[in-house]
Amino acid sequence: MSTKVLISGASIAGPALAHWLGRYGFEVTVVELAPALRAGGQDVDFRGRTHLTVLERMGVLEELRALGTGGSPMTFVGPDGRRLLHLPAEFAGGDLEVPRGELAQLLHRHSGTRAEYVFGDSVTALEETPHAVRVTFRHGAPREFDLVIGADGLHSTVRRLAFGPERHYVRHLGYYAATWQLPNDLGLPVGGVGLNVPGRLMSVGAAHRDPSRAGAFCLFASPELSYDRHDPAAQRTLVRAAFAGLGWRVPYLLESLDTAPELYFDSISRADVPAWSTGRIALIGDAACGATIGGMGTGTAVVAAYVLAGELARARGDHRAAFDRYEKLLRGYARGCQKGGDRTGPFLAPRTAAGLRFRNALLNRPWALDRMLELGKRVSGVELPDYGRELSRRSTVVG
């Protein structure tokens, strides 16, 4: 009888894990609180040999190359609209940049034939027994699974239920960020043009696929705020308050919040969990080692899905050994990637006028920008087992 695995979360890590587990013959169910896949979000990038190797082994690399944006240039302007700094497309685009929503759809499509997806529901309780995990859902009937994997992001419900309160594991890094879509009534080019003042950035640019649409992105410095993460009205209020009184295109962009089909709003934070598993329950992606922006979280999640599924298949039912090898192989790599998230807020929106002037003066020097581009290409990697070849060889020997 195949191993039954519940994955909580259908963003990136969850469908990527479902893809691999389904390929290895596991019986997979993915539960997602949202009523459907989230279509929006910022473009995401993949960097370095490790990311590209996993995408190639998944069989999705060429499809993603066809979706590639080529990177997104970014221009920073002052209150008078005068250009302060321009960063070329390759600065943030990595080896491959794709729209986040299209990546999610692709992973769902590749995993959907091998996994059961349940949208509009969530886990409310976990009870581990010697042989299974009994899971209670908000809407569906209770079910039992051999293993439960939390792929439900920085604010993971599975982590809270199985490991403890979020405050023990998630650290606020001093900034908040938001993204939303709007009509491109201003005739904006692809890429971002953003107003930058101390502690705040508000940017907007045309969508890569549809120039009639635009995407807004804002980031602001703030101590930790108390608000309902599931209340878009409260989040819109916080964004408006943070950018009140600014000129340029800011009033227009704040007005567009009222008709935005979807708003993403969250703190820039990072998760540090001392152990990624307990008993029959494990964490993956941002739930285990997330950094909201700039920590290569998407690439790390895809790599982690490959390793976790491979180790579970290799372990032949010994989930404890699989969880242990998964964490030992990836923890150092994930921590190295996370460090980028610590610098994102201070880089995009330095808190002081002096900090803004210093960043702009430095990166307006061609040699300094070239140096940063060179450093950005030096992405750490990790040696990955070729699970497909190993498992194929094992089945041939057994046969």
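Strand β14 (residues 200-206) pairs with strand β15 in the antiparallel sense, over seven bridges. The two strands form a hairpin, with six residues between them. These features, like those that follow, belong to a predicted model. Beyond the hairpin, the model holds 11 aromatic pairs, while a search of the whole structure finds zero disulfides.

**Strand pairing around β15**

- Within the pairing of β14 and β15, arginine 200 stands opposite phenylalanine 220 of β15.
- Strand β15 (residues 213-221) is also joined to strand β12 (residues 170-183), by nine bridges.
- β12 and β15 run antiparallel.
- Alanine 177 has leucine 219, in β15, as its bridge partner.

**Helix α10**

- Helix α10 comprises 19 residues, from 297 to 315.
- At 1.5 Å a residue, α10 should span 27 Å, and this agrees with the 26 Å that separates its end C-alpha atoms.
- The helix is mostly covered, as 17 of its 19 residues are buried.
- Arginine 316 follows α10 and has a positive phi, near 55 degrees.

**Aromatic pairs and cluster**

- Among the 11 aromatic pairs is that of tryptophan 20 and tyrosine 306, whose ring centres are 5.1 Å apart.
- The planes of these two rings stand at 70 degrees, and planes over 60 degrees apart count as edge-to-face, so the pair of tryptophan 20 and tyrosine 306 is edge-to-face.
- Because tryptophan 20 lies in helix α1 (residues 13-23) and tyrosine 306 in helix α10, the pair ties together parts that are 286 residues apart in sequence.
- Both tryptophan 20 and tyrosine 306 are buried.
- One aromatic cluster is formed by Tyr176, Phe220, Tyr227, Phe243 and Phe265.
- Phe220 of this cluster is the residue that arginine 200 stands opposite.

**Arginines over aromatic rings**

- Arginine 351 lies over the face of tyrosine 175, at 5.0 Å from the ring centre.
- Arginine 359 has its charged end over the ring of phenylalanine 76, 4.3 Å from the centre of that ring.

**Cysteines**

- The whole structure contains zero disulfides.
- Cysteine 289 is in no disulfide, and the nearest cysteine sulfur, which belongs to cysteine 337, is 8.4 Å away.
- A disulfide needs two cysteine sulfur atoms within 2.5 Å.
- Cysteine 289 is buried, because its relative accessible area is 11% and the cut-off for a buried residue is under 20%.
- Cysteine 218 also counts as buried, at 0% relative accessibility.

Technical notes:
Residues numbered from 1 in each chain as written. Predicted model: local features only at pLDDT ≥ 70, side-chain atom pairs only at ≥ 80, totals over all residues. Heavy atoms only, no water. Buried < 20%, exposed > 50% of the residue type's maximum accessible area, 1.4 Å probe, protein only. Helix = DSSP H or I, 4+ residues; strand = E, 2+ residues; numbered from the N terminus. Expected span 1.5 Å × (residues − 1). Pairing = 2+ DSSP bridges. Phe/Tyr/Trp six-rings, centres within 6.5 Å; stacked < 30°, edge-to-face > 60°. Lys NZ or Arg CZ within 6 Å of the ring centre and 35° of its normal.
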